[in-house]
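Subject: Structure handover

Hello,

I am passing on the structure we talked about. Please keep it open while you read the notes beneath it.

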Amino acid sequence: MGRLKRWADQTIGSLLVLDTLLTYIFLYLPIGVLILYSFSASRYALVWGGFSLDAYRRLLTDPEIVSALLNSVIVATSATALATVLGTALALALERARIRWRGSIEAFVYLPIVIPEIVMAVGLLLFFAQVLRPLVSTVGLGISPPLAVIAGHITFSISYVMVVVRARLRDLDKSLEEAALDLGATPWQVVRRVTLPLLAPAIISGALLAFTLSLDDFYVTYFATTGGSGFKTLPLYLYALQGRAAIPPQMNAVASLMLVASLMLIALALLVQRRSYSRRA
Amino acid sequence: MSTRTLLWPGLVWLLLFFAVPVGIILVISLGQRAPDGTIRWGFSLDNYLRLLEPLYWTGPFWNSLGLAALTTILCLVLGYPVAYSIARRSAAVKHLLLFFVILPFFTNFLVRIYAWFILLRPEGWIAWLLRSLGLDLALLGSPVGVLIGLVYGYLPFMILPLYATLERFDFSLVEAAHDLGASRWQSFWKIIFPLSRPGVIAGAVLVFVPVLGEFITPKLLGGGKVPMFGVLIEEKFLGRVPDWPLGAAMALALMILVSLVLARYFQQLKESRWVG
Amino acid sequence: MDEFSVELHEISKRFGQTTVVERISLRIRSGEFFSLLGPSGCGKTTTLRIIAGFESPDSGELLINGKLATHTPPQERDVNLVFQNYALFPHLTVEQNVAFGLEMQKLPRAQIRERVGKALELVRLSGLGARLPHQLSGGQQQRVALARALVTEPSVLLLDEPLGALDFKLRQEMQLELKRLQRDLKITFLYVTHDQEEALKMSDRLAVMHQGRVLQIGPPQEIYERPATRFVADFIGESNFLEGRVVHTAGRRAVVQIGPLQTNVFSDTPLQLHQRVTLALRPERIQLCLPDAGNGTWTGLVEELIYIGKETRYRVRLSPEITVTVSSPGASNGITVGERVGLTWDPQSLRPIEEYSA
């Protein structure tokens with residue numbers, strides 16, 4: 001090997017390391033800034049004013065943030081619950097039953113994942129404004145903004161839950177279900193006693209994914225709550241801050257706390273997964 | 001009763017809250033905006049023809065497409081070496097490194113954009129660093145700021161599929177290439193990159209498609225001065241002068257554009273299956 | 001009790017373009033140990049899955065205990081399957097696995113506990129009931145699978161290569177144990193394997209399958225001693241094949257010319273004069289003797305000699321075109337490569353066979 005070639009090879013190697021390092025710095029720069037500024041004493045989120053825990057103290061007493069956080073959790077919990085049931089059922093049907101037009105149905109249920117979310121958000125806005133609300137009001141009922149938001153979140157979460165559960169279902173040894181049938185279980189008993197328990201880790205992963213997506217969602221929530229209803233989830237609250245003269249430092253505290261909460265959720269998920277892996281091994 | 005029954009609840013839900021709404025977008029896009037801002041139902045392609053006007057088309061179209069393409073390329077350039085480095089580590093280190101790629105995305109994305117707000121503002125460190133290098137770039141309220149925000153927001157969508165293909169990659173092929181006298185540079189371009197094409201394509205689609213519909217990053221980091229499809233759509237629905245039929249036409253045009261990209265993607269996927 | 005546990009009449013099954021099972025007919029007697037033997041892809045597992053109810057045949061009829069069961073769902077069939085990979089429920093303990101079938105029958109708790117205990121005792125696993133499957137060795141998992149399938153007392157037990165994943169020693173042990181269980185319980189065993197030794201050792205009768213068809217059915221000795229086709233002769237044990245032409249006949253005796261050599265053949269069905277015929281001769285049925293001894297012996301040159309412990313194998317060239325393999329027990333007794341040797345055999349072990357071409 002020539003000296004030039006060797007030199008070039010070594011350079012490529014160091015460039016690789018450098019690029020990786022820079023990318024990680026790029027990824028963590030904003031996070032670092034967030035956490036740093038959450039300990040700022042300044043009354044403005046974007047200005048450093050010395051160390052203090054004021055932001056965290058204010059966070060607990062700011063009714064707007066607390067109610068937004070609460071709304072987010074309520075929406076995410078209810079949307080996740082229903083989407084997990086519907087998505088798991090869909091995965092079971094698509095993977096285990098004989099279905100006509102399977103190809104078209106599959107393509108259709110994947111669509112909510114692949115099309116830009118803003119299109120879905122616009123569709124839901126029009127659907128609620130032009131069809132559902134007028135329809136429901138003729139029988140003297142109304143659709144409250146939280147209901148509309150939950151319905152929207154369920155819609156995109158179903159597909160994600162289905163993808164996660166289905167992937168696991170595909171890897172699941174089919175002979176386990178056959179063994180259950182062979183031992184006299186009816187198809188329903190097989191699902192309840194064998195398939196679902198074995199799918200539990202995937203269902204939990206799917207639910208966690210749906211929960212995260214719902215907590216983070218902006219587009220669908222934003223479009224589904226138009227009309228100045230005043231119902232705000234955390235992302236909506238954060239978005240509304242842009243119009244203000246000064247962004248309150250509580251925002252940084254919320255962000256830091258969310259990071260910590262997510263870390264705990266992930267640790268929990270990993271724990272569940274590890275337990276199920278050791279069972280399967 | 002059989003497992004087939006399980007199909008219905010989910011399917012009906014998606015038909016009602018997804019298929020029907022998309023159908024309504026189509027119906028409304030064929031109508032007109034009445035002077036009082038409400039919808040006048042109709043059946044005309046006027047809104048689609050209006051999309052061809054420079055005001056709606058040229059600016060937002062090229063901005064969206066250009067920014068989406070640039071974001072994709074930058075994500076690939078930044079993300080490939082990272083995915084490659086991770087894939088070559090031992091199992092324990094791999095998972096840790098991958099975890100640290102995803103971790104920042106567990107805080108709300110609006111918050112992350114605000115963090116960039118802090119970083120990119122004129123009196124911030126980055127602007128100061130650039131100024132001292134003799135570069136006086138406006139970062140906030142410019143396409144550069146939007147681009148940084150987009151790359152930041154979508155980088156994991158590139159890294160994850162790339163990692164997934166590279167992780168399964170048989171690196172003894174590279175050893176074989178070295179053994180046959182190839183340099184690292186040559187073995188990368190002749191062996192690794194072609195064989196990781198499915199991951200590259202998947203990553204590109206996962207970045208390109210959602211960026212086309214982005215509205216929040218350009219709105220916050222572009223300060224409304226960088227028009228993209230998403231921004232325009234939002235304006236037509238929730239802005240001061242709403243025009244729902246035109247907005248509906250835009251949303252549908254976006255969906256068609258995305259479908260074309262996806263159709264091309266699946267075709268590519270079929271063609272490159274033999275290497276996967 | 002019916003005379004036959006399982007009857008298959010002209011069963012066929014296609015997957016897409018390929019026919020996996022072609023017009024198979026079998027009658028398995030009650031209480032018998034019956035094996036389906038064949039190389040992988042011969043259709044034996046599909047046949048088993050048709051009997052279990054996981055595949056439905058495209059044509060033909062299946063009877064279980066004399067009752068038509070072609071389209072009965074698997075949970076209603078009085079047959080249980082021991083899966084190749086055991087298919088133990090990983091989330092249930094050994095006891096819960098074994099109890100599964102009884103719980104499906106909605107038996108009272110006390111009775112379930114008692115029968116599970118007995119079943120575990122039967123397979124010598126008492127005391128391991130609280131473990132999860134992954135905490136057991138391969139052999140123990142195999143026993144749990146057996147107990148789970150036997151506890152509901154099916155009239156037929158189907159076994160799909162149940163010992164395939166075990167190492168040699170354990171496999172030998174389990175073969176004896178399966179045989180013991182079958183004798184004690186008097187349940188019909190239908191056993192699928194690709195291991196000819198296993199099939200010969202364990203079965204009362206066996207069917208040799210190839211490319212979706214049954215080639216020969218019979219007790220082990222008959223299959224080994226009187227293979228009907230070239231495939232059976234080659235797949236079960238080992239055979240030299242000699243091709244020749246009948247030059248003289250006298251009742252059941254015929255003289256066959258093989259190249260420059262001649263030999264006497266005794267056949268069940270008389271051979272025709274001038275007929276082309278293939279003869280099978282097992283290597284272990286040939287004895288070495290002095291060269292040029294005449295009297296129906298052949299003489300050839302030892303070309304190759306391999307000592308493999310319990311026997312020595314020779315390749316002997318008889319003419320430029322003809323070589324045969326000979327195996328004789330023990331070491332070579334001074335015979336070396338390049339030496340001339342004589343070959344002799346009992347004419348009864350030289351079998352004319354059908355040429356089977358699929």
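The notes below cover chain A, one of its helices, its contact with chain C, and some strands of chain C.

Please bear in mind that this is a predicted model.

Chain A overall

Chain A has 11 helices and 0 strands, so its pattern along the sequence is simply α-α-α-α-α-α-α-α-α-α-α. The radius of gyration of chain A is 24 Å, whereas the globule rule gives 19 Å for 281 residues; the value is well over the rule, and chain A is therefore more spread out than a compact globule. Along the principal axes, the C-alpha atoms of chain A fill a box of roughly 80 × 70 × 35 Å. Buried residues make up 44% of the 281 in chain A. Among contacts in chain A with a separation of 6 or more, 77% are between residues 24 or more positions apart.

Helix α6 of chain A

This helix covers residues 145-171 of chain A. With 27 residues at 1.5 Å each, α6(A) should span 39 Å, and the 40 Å between its end C-alpha atoms agrees with that. There is a bend in α6(A) of about 30°, located at A:Ser157. Of the 27 residues in α6(A), 19 are buried, which means that the helix is largely enclosed by the rest of the structure.

Contact between chains A and C

Chain A brings 19 residues to this contact, and chain C brings 19 residues as well. On the side of chain A that touches chain C, at least two residues come from each of α7 (174-182), α8 (187-216) and α11 (250-280). Which helix gives the most to that side? It is α7(A), with 7 residues. By type, the residues on this side of chain A are 10 nonpolar, 4 polar and 5 charged.

Strands in chain C

Strand β14 of chain C (residues 276-281) pairs with strand β11 of chain C (residues 240-250); the two run antiparallel and are joined by 6 bridges. Within this pairing, C:Arg245 has C:Arg276 of β14(C) as its bridge partner. β14(C) also pairs with strand β20 of chain C (residues 351-353), again in the antiparallel sense, over 3 bridges. There, C:Thr278 stands opposite C:Ile353 of β20(C).

If you want a place to begin, look at A:Ser157, where α6(A) bends, and then at α7(A) on the side that touches chain C.

Regards

Note on methods. Residues numbered from 1 in each chain as written. Chains lettered and ligands numbered in written order. Predicted model: local features only at pLDDT ≥ 70, side-chain atom pairs only at ≥ 80, totals over all residues. Contact = placed C-beta atoms within 7 Å. Helix = DSSP H or I, 4+ residues; strand = E, 2+ residues; numbered from the N terminus. Nonpolar A, V, L, I, M, F, W, Y, C, P; charged D, E, K, R; others polar. Rg over C-alpha atoms; globule rule 2.2 N^0.38 Å. Buried ≥ 20, exposed ≤ 12 C-beta atoms within 10 Å, placed from the backbone. Pairing = 2+ DSSP bridges. Expected span 1.5 Å × (residues − 1). Bend = angle between axes of the 7 residues up to and from the residue.
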